[in-house]
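Please examine the sequence and the three-dimensional structure shown here. Then work through the exercises that accompany them.

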Amino acid sequence: MTEHRIVERVDRRTVGKQMTLPFSKALEISIKSLQIRFRRSLITVGLIMLAIAFLMTILTTNAFQNALVGRAQAEPPRGDQVLAGVGDKEYAAADSKYYAVTTRFDPQSGKLVETSRQEITDKAEQEMAKKYVAALDAWRTETNDLRMRLSKRGVLAEGVEAAAIGITPQQKWLIILSLTVAAVGITNAMLMSVAERYREIGTMKCLGALDSFIIRLFLLESVFQGSAGTVVGVVLGFLLICVYTIFSYGMVTMETFPLVTILTYGLWGFVLGFGLSVLGAILPALRAARMQPVDAMRVEE
Amino acid sequence: MAVSYIVRTVDVKKVYQMGKVEVLALRGINLEIEEGEYLSIMGPSGSGKSTLFNMIGGLDKPSTGRVYIDEVDIAQLDAYELAWLRCRKIGYIFQTFNIIPVMTALENVTLPMIFAGMTADESRDKGVELLKKVGLGDRVTHKPFELSGGQQQRVAIARAMANDPAIILADEPTGNLDLNTGQEIIGLLKQMNGESGVTIITATHDTKMLKASDRIVWIRDGMVDRIARGDELNIQVGTVDGSETGGVGAGAH
């Protein structure tokens, strides 16, 4: 037979240590619950995915545009930047002759201006000059092409030096709206889930589950759905814009790929998505945890 | 010499507010339940039987009056202590079985053990033992939808016994079961009572429960109508077309 004393005044700390819901167990229960309600969880996942993907398209577009505009307005390269190995020498060509030149960059005209010129007679150096000039021409062509495309899309006006492009107020508003819709949708879906599982929650409380266990279970479920949606959303949003930008501007996109910015934005996307799924689930989780077992059982036939 | 009373209610009253009307569900119950007893609470629907049952089980608090479990006033307990009580000392069995559908039988039985901090291995071994004891040794990994009503209730009984409780509270355990299965469940409860000395308190309509009970309490209109010992009753069972119907011969009142 069990100990005689069946009720002990145990304080919160003792009970807190004795009553456990191991993380692995909470994880197990959450995953199984999600498997059963797969279709409804798809809606939640889809909502987050759309909102985060939308956010990522705006951010990624912004990142690419800034990178491309930066490239379009860049100073022409010189010396080693044009052809590896020439050191700080610069070359030009005219009437099938090659010259060693010195230049300076004139900010007013945005062009390289020659300051002196000397003809090259050495064959080897002529070969190098030929390659140099070709590379410089290629750069100029690429730049002009880029400027044309950018101005065609209204990103860069001809002859105007633009500062870094920001996110417009309309875009900000749209982002906030889509995130709010996603949060509300999550709360809705979670509330439905809680209502369906009244009896289950009440039973668990009868088995001795603390309020915190119940909260943990529902938060975990929401975080799972949120993470799945966020990952897909970030990747989707980024890929869409990446493909579109390459399609619009060509391989210069890859040359000027703003890696750090995009990674930062991606991180923001993850944080927001995660935060959203937690925020949306707080209300339903609290509602579930505060249920009295007797209310949960009262399913009148 | 005082018999140890595992549950004691002192003038318990419960009032519900239904809009403007006050409903007196319990109008002063005084009950003493002995340790190791098999007690049945009987009464028609609306008599306050379920309300009293919830009181005894710590699921609800009386409006006035006191409920003592092992001489501790449970109205004094906070949420943590109540959770501890429900986990370790009281096992619940419900009319609708209330097995968690996403978990297998074994996982259902071991859930209270996990809450109580048992390791996965220990709880698994003990869970299998318990399931064998209730006759489900071969259905350990079945999910609830793969089990019949009677089998689900057996899982519920095994789960109630998970942490070796002192009291088992069974709310209409045979309500959703047919005659034979119901009898099996009652037999199982009686077996638990005999083997481990756990106090069993049931709230029920089922007259089959009468033979198994040590004492029976009748509730009517929120008050104790009658208390009788099981062996005092003259229970007459008639048959209709080969199936049993139960009836209670009136003891002296």
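The following exercises, each with a worked solution, concern a predicted model.

**Exercise 1. Describe the composition and overall form of chain B.**

Solution. Begin with the secondary structure: chain B has twelve strands and seven helices. Next, consider its form. The globule rule gives 18 Å for 253 residues, and the radius of gyration of chain B is 18 Å, so chain B is as compact as a globular protein of that length. Along the principal axes, its C-alpha atoms fill a box of roughly 55 × 50 × 45 Å. Then turn to burial, where 47% of the 253 residues of chain B count as buried. Finally, take the contacts in chain B with a separation of 6 or more: 67% of them are accounted for by residues 24 or more positions apart.

**Exercise 2. Determine the strand order of the open four-stranded sheet in chain B, and explain which strands stand at its edges.**

Solution. The order of the strands in chain B is β2-β1-β4-β5, and the pairing is antiparallel. Each pair may now be taken in turn.

- Step 1. β1 (residues 5–18) is joined to β2(B) by eleven bridges. Within this pair, Arg8(B) stands opposite Glu32(B). The hairpin of β1(B) and β2(B) has two residues between the strands, and in this hairpin Gly19(B) takes a positive phi near 70°.
- Step 2. Five bridges pair β1(B) with β4(B) in the antiparallel sense. Here Val10(B) has Arg66(B) in β4(B) as its bridge partner.
- Step 3. β4 (residues 64–69) is joined to β5(B) by two bridges. Ile69(B) stands opposite Val72(B), which belongs to β5(B).
- Step 4. β2 (21–34) and β5 (72–73) of chain B each have a single partner strand, so they stand at the edges and one side of each is left without a neighbour in the sheet.

**Exercise 3. Compare the settings of Glu71(B) and Glu172(B): is each buried, exposed or partly exposed?**

Solution. A general point comes first: most residues other than glycine have a negative phi. Glu71(B), which is not a glycine, has a positive phi of about 65°. Glu172(B) also has a positive phi, near 50°.

The next step is to locate them. Glu71(B) is found in the loop between β4 and β5 of chain B, whereas Glu172(B) lies in the loop between β7 (167–171) and α6 (179–196) of chain B.

The last step is to apply the cut-off: a residue is buried if 20 or more other C-beta atoms lie within 10 Å of its own, and exposed if 12 or fewer do. Glu71(B) has 13 C-beta neighbours inside 10 Å and therefore counts as partly exposed. Glu172(B) has 20 other C-beta atoms within 10 Å and is therefore buried.

**Exercise 4. Set out the elements and domains of chain A.**

Solution. Chain A comes to ten helices and three strands. From the N terminus on, these elements run α-α-α-β-β-β-α-α-α-α-α-α-α. Of its 301 residues, 33% count as buried.

The domain assignment gives domain 1 (23–72 + 165–297) and domain 2 (79–152) of chain A. The C-alpha centres of these two domains lie 51 Å apart. Their contact takes seven residues from domain 1 and six residues from domain 2 of chain A. On the side of domain 1 that touches domain 2, α3 (38–72) and α7 (211–249) of chain A each supply at least two residues. The largest share of that side, four residues, comes from α3(A). By type, the side of domain 1 divides into five nonpolar residues, one polar and one charged.

**Exercise 5. What span should α7(A) have, and does its end-to-end distance agree or disagree?**

Solution. At 1.5 Å a residue, the 39 residues of α7(A) should span 57 Å. The end C-alpha atoms of α7(A) are 56 Å apart, which agrees. Just after α7(A), Gly250(A) takes a positive phi of about 80°.

**Exercise 6. Describe the side of chain B that touches chain A.**

Solution. First, count the residues: the contact takes 31 residues from chain B and 31 residues from chain A. Second, identify the helices: α2 (79–88) and α3 (105–115) of chain B each supply at least two residues of this side. α2(B) gives the most, with eight residues. Third, sort the residues of this side by type, which yields 19 nonpolar, six polar and six charged.

How values were computed. Residues numbered from 1 in each chain as written. Chains lettered and ligands numbered in written order. Predicted model: local features only at pLDDT ≥ 70, side-chain atom pairs only at ≥ 80, totals over all residues. Contact = placed C-beta atoms within 7 Å. Nonpolar A, V, L, I, M, F, W, Y, C, P; charged D, E, K, R; others polar. Domains from an automatic or database assignment. Rg over C-alpha atoms; globule rule 2.2 N^0.38 Å. Expected span 1.5 Å × (residues − 1). Pairing = 2+ DSSP bridges.
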